[in-house]
Amino acid sequence: MLINFTNHPSSLWDAAQTEAARKEFGDIVDIAFPAISPDADEEEIGRLADEYVQKIKETAGDKTFAVHLMGEMTFTFAMLKRLQNMNITCVASTTERKVVELADGKKMAQFKFVKFRRYE
């Protein structure tokens with residue numbers, strides 16, 4: 001099983017990402033990534049990380065699983081340390097970024113999924 005713990009629900013993934021996740025990990029289960037206040041201190045980040053590690057473990061139950069982990073950097077790092085200390089595989093999704101310059105001077109970024117990469 002892949003627990004998708006990001007700001008991007010798996011229902012919005014493109015077919016390539018969904019297929020790659022199912023092929024490598026099996027079922028996909030979403031846990032919404034929390035909004036992290038820019039004012040949060042390290043202690044608050046740690047408490048929140050402990051809370052979400054528990055949610056992930058409860059969601060997985062006795063199944064073998066990995067965690068797709070991406071989001072606010074300090075919280076993601078706190079989660080990664082905790083999950084890796086429990087020997088839980090964590091992955092990030094990699095994308096190819098294409099930027100299109102629009103006529104009004106704005107830029108539009110398009111992202112194409114490439115693969116899942118393990119945090120090592």
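These are my notebook entries on a predicted model of a protein.

**Entry 1: overall layout**

I began with the secondary structure and found three helices and five strands. Reading along the sequence, I noted the order β-α-β-α-β-α-β-β. I then took the extent of the C-alpha atoms along the principal axes, and the box came to roughly 50 × 40 × 25 Å. The protein has 120 residues, and 36% of them count as buried. For contacts, I looked at pairs with a separation of 6 or more; residues 24 or more positions apart account for 62% of these. The exposed area of the protein is about 7900 Å², and carbon and sulfur atoms supply 49% of that area.

**Entry 2: charges**

I counted the charged side chains next and got 16 positive and 19 negative. The centres of the two sets lie 7 Å apart. Side chains of opposite charge can pair when their charged atoms come close. How many salt bridges does a search of the whole structure find? The search returned five. I wrote up three pairs in the entries below.

**Entry 3: Arg-118 and Glu-24**

I looked up Arg-118 and found a salt bridge to Glu-24, with the closest N and O atoms 2.9 Å apart. This pair links distant parts of the chain, since 94 residues separate the partners: Arg-118 belongs to strand 5 (residues 107-118) and Glu-24 to helix 1 (residues 15-25). I checked exposure for both partners. Arg-118 has a relative accessible area of 41% and is therefore partly exposed. Glu-24 is likewise partly exposed, because its relative accessible area is 41%.

**Entry 4: Arg-82 and Asp-50**

I found a further salt bridge between the side chains of Arg-82 and Asp-50, at 2.6 Å from N to O. Here too the pair links distant parts of the chain: Arg-82 sits in helix 3 (residues 73-85), Asp-50 sits in helix 2, and they are 32 residues apart. Arg-82 is at 24% relative accessibility, so I logged Arg-82 as partly exposed. Asp-50 is at 44% and also counts as partly exposed.

**Entry 5: Lys-55 and Glu-51**

I then turned to a pair within one helix. Lys-55 forms a salt bridge with Glu-51, and the closest N and O atoms are 3.7 Å apart. Why are Lys-55 and Glu-51 separated by about one helical turn? The reason is that they are four residues apart in helix 2. Lys-55 is partly exposed, with a relative accessible area of 33%, and Glu-51 is partly exposed at 38%.

**Entry 6: surface patches**

Which residues gather in a patch of negative charge on the surface? I listed Asp-39, Asp-41, Glu-42 and Glu-44. I followed up Asp-39, which is found in the loop between strand 2 (28-30) and helix 2 (42-60). Asp-39 counts as exposed because its relative accessibility is 71%, and the cut-off for exposed is over 50%.

I also noted a nonpolar patch on the surface, formed by Val-100, Leu-102 and Met-108. Together these residues have about 210 Å² of accessible area. Of the patch members I looked up Val-100, which is found in strand 4 (residues 89-101). Val-100 is at 31% relative accessibility and so counts as partly exposed.

**Entry 7: Thr-18**

I picked Thr-18, which has its place in helix 1. Is Thr-18 buried or exposed? At 15% relative accessibility, Thr-18 counts as buried, because the cut-off for buried is under 20%. I left aside the neighbours of Thr-18 within four places in sequence and found contacts with Ser-10, Trp-13 and Ile-28.

**Entry 8: Lys-115**

The last residue I looked up was Lys-115, which is found in strand 5. Lys-115 has a relative accessible area of 42% and is therefore partly exposed. With neighbours within four places in sequence left aside, Lys-115 is in contact with Ala-92, Ser-93 and Thr-94. I also took the C-alpha to C-alpha distance from Lys-115 to Glu-96, which is 9.8 Å. Lys-115 and Glu-96 are 19 residues apart in sequence.

Conventions
Residues numbered from 1 in each chain as written. Predicted model: local features only at pLDDT ≥ 70, side-chain atom pairs only at ≥ 80, totals over all residues. Heavy atoms only, no water. Patch = residues over 30% accessible without salt bridge, like charges linked within 9 Å, V, L, I, M, F, W, Y side chains within 5 Å. Areas by Shrake-Rupley, 256 points an atom, 1.4 Å probe, with all protein chains shown as cover. Salt bridge = Lys/Arg side-chain N within 4 Å of Asp/Glu carboxyl O. Lys, Arg positive; Asp, Glu negative; His and termini not counted. Charge placed at Lys NZ, Arg CZ, Asp CG, Glu CD. Helix = DSSP H or I, 4+ residues; strand = E, 2+ residues; numbered from the N terminus. Buried < 20%, exposed > 50% of the residue type's maximum accessible area, 1.4 Å probe, protein only. Contact = heavy atoms within 4.5 Å.
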